[in-house]
Amino acid sequence: MEVFLIRVLQFILAISLLVFLHEGGHFFFAKLFGVRVEKFYIFFDWKFSLFKFKPKNSDTEYGVGWIPLGGYCKIAGMIDESFDTEQMKRPPQPWEFRTKPVWQRLLIMIGGVLVNFLLALFIYSQILFWWGDTYIPVKDMTLGMKFNEEAKSYGFKDGDILTGTDQKTFKDFSADLYRDLSVAHRVDIIRDGKPMSITLPGELNLLGMLKAEPSFVRPLIPAEADSILPGSPAAKMGMKAGDHILALNGKSVDSFNEFTDLLGRRADMLATATSHADSMKARSVTVVFGTAAHRDTASVVLTPDLKLGFTVKTLAGIYQPVTTEYGFLESFPAGIKYGWHVLASYVDDMKYVFTAEGAKSLGGFGAIGSLFPPMWDWYMFWKMTAFLSIILAFMNILPIPALDGGHVLFLLYEMITRRKPSEEFMIRAEYVGFGLLILLMVVANLNDILRWLGYM
């Protein structure tokens with residue numbers, strides 16, 4: 001419960017900040033050009049609001065709604081998500097959005113996206129300034145990698161050390177490594193101390209590589225116990241720190257990766273169990289463990305979540321991380337470069353959304369919230385906030401009615417043709433766009449529920 005609350009608080013804080021600044025971008029340009037802002041809200045206030053106030057001699061009501069689906073800046077003389085069509089029937093006023101030059105209206109509409117994008121770049125810059133860039137170079141992972149059957153079909157072998165592709169040298173083990181492998185025609189590796197290359201087709205399915213169980217490639221982690229949890233099955237069978245898992249149910253284990261893969265198969269058995277006896281059968285295993293000099297065999301019952309009860313060293317415990325530090329001025333070009341790379345990668349990955357598997361990968365509030373760490377970590381909080389800010393900027397600029405990008409599209413049409421779309425058309429487009437957004441939100445959050453129930 002504590003982990004859930006910590007993630008919820010981080011999610012709400014990040015979203016509140018991003019929504020406030022996004023709507024603040026619209027607000028800034030509206031006020032700059034003398035356009036009246038009637039309401040400025042974080043979250044939606046359908047039927048009622050959690051908090052609201054209107055300063056004396058101000059045209060703007062400020063508040064906090066109860067539906068955490070975003071926020072809005074209600075600009076006078078504009079057709080938006082408030083669907084206030086009554087004001088459009090009245091004669092245009094000089095302080096309304098619709099009476100301003102098209103270039104001013106364009107800046108008002110892109111103000112939110114602009115703020116979110118600049119905010120992300122600023123946060124990334126400050127992350128690099130305060131924490132630097134810490135990572136473990138892939139070439140230093142001397143134990144190599146663990147590959148699945150698909151990867152092995154291309155010629156990879158467990159223990160291969162990845163160094164780069166025909167396009168670039170690998171930096172760290174991240175989604176970028178998968179992305180580079182998916183488009184590579186040649187991968188350079190070190191096998192048994194000797195450099196060599198493996199040929200790839202150059203068109204591997206990135207989403208399939210990431211979602212495969214086991215994954216296409218993972219850093220190889222020894223099945224050596226770093227610590228034993230008191231009262232756990234591992235403790236009861238006499239396992240000690242420094243012992244290795246050597247076999248499970250008669251199958252040899254060469255790494256912690258292999259061990260977790262074998263337990264994953266027990267999870268499939270447990271999921272289909274229809275009786276207590278079936279569950280106990282899935283949880284009952286025979287383990288061979290020990291060292292090169294001594295080994296033991298024990299039959300134990302795993303915990304209900306199929307844990308043996310020992311921990312292994314993290315990658316940072318096996319290898320020495322390196323840190324690149326940045327001065328205050330140096331951090332800005334580095335942050336801009338990093339943020340632009342994040343945006344470009346996200347846009348490139350969008351093509352998978354239009355596949356059946358990609359649609360299943362869509363996530364709602366639960367999926368986004370789970371991206372935050374289970375403990376309060378300011379580094380990860382700001383990194384996730386910057387990432388969400390870039391997503392918010394990109395999604396809002398898409399040319400979909402009801403989004404900022406839809407309004408921008410119609411304004412560009414007006415600039416080119418010198419004609420405004422009719423108000424009736426704009427209202428209908430707003431309804432269509434809003435309906436599409438609601439549908440997308442339902443699908444994404446339904447995916448979260450199905451994953452939670454174990455159907456996806």
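How many helices and strands does the protein chain have? I looked this up before anything else: the chain has 16 helices and 15 strands. A note to self is that I am working with a predicted model.

**Entry: the whole chain**

I took the box along the principal axes, and the C-alpha atoms fill roughly 90 × 50 × 40 Å. Of the 456 residues, 42% are buried. I then turned to contacts between residues at least 6 apart in sequence, and found that 63% of them join residues at least 24 apart.

For the surface, I noted about 24600 Å² exposed, with carbon and sulfur atoms supplying 64% of that area. Charges came next: there are 45 positive and 47 negative ones, and their mean positions lie 3 Å apart.

**Entry: a four-stranded sheet**

I followed one open sheet, whose strands run in the order S11-S10-S12-S13 with antiparallel pairing. Its edges are S11 (251-252) and S13 (295-301), each of which pairs on one side only. As a reminder, strands of a sheet pair through backbone hydrogen bonds.

I checked the pairing of S10 (residues 244-248) with S11, which is antiparallel and spans two bridges. Here Leu-248 sits opposite Lys-251 of S11.

Which helix packs on the sheet, touching S10, S11 and S12? I find helix H8 (residues 256-271) there, its direction making about 40° with that of S10. Strand S12 itself covers 284-290. I also looked at helix H9 (residues 276-283), which lies across S12 and S13 and runs at about 15° to S12.

**Entry: backbone oddities**

Two residues other than glycine caught my eye for their phi angles. Asn-249 has a positive phi of about 50°, and I place this residue in the loop between S10 and S11. Is Asn-249 buried, partly exposed or exposed? Asn-249 counts as partly exposed because its relative accessibility is 34%, which falls between the 20% and 50% cut-offs.

The other is Asn-57, with a positive phi of about 65°. I located Asn-57 in the loop between strand S1 (37-53) and strand S2 (61-75). Asn-57 has 80% relative accessibility, so I log this residue as exposed.

Finally, I looked at a cis peptide bond. Where is Pro-214 found? I see Pro-214 in the loop between helix H6 (206-211) and strand S8 (217-219). The bond leading from Glu-213 to Pro-214 is the cis one, with omega near -5°.

Methods
Residues numbered from 1 in each chain as written. Predicted model: local features only at pLDDT ≥ 70, side-chain atom pairs only at ≥ 80, totals over all residues. Heavy atoms only, no water. Buried < 20%, exposed > 50% of the residue type's maximum accessible area, 1.4 Å probe, protein only. Contact = heavy atoms within 4.5 Å. Areas by Shrake-Rupley, 256 points an atom, 1.4 Å probe, with all protein chains shown as cover. Lys, Arg positive; Asp, Glu negative; His and termini not counted. Charge placed at Lys NZ, Arg CZ, Asp CG, Glu CD. Pairing = 2+ DSSP bridges. Axes fitted to C-alpha atoms, helices over the stretch in contact; angles between N-to-C directions.
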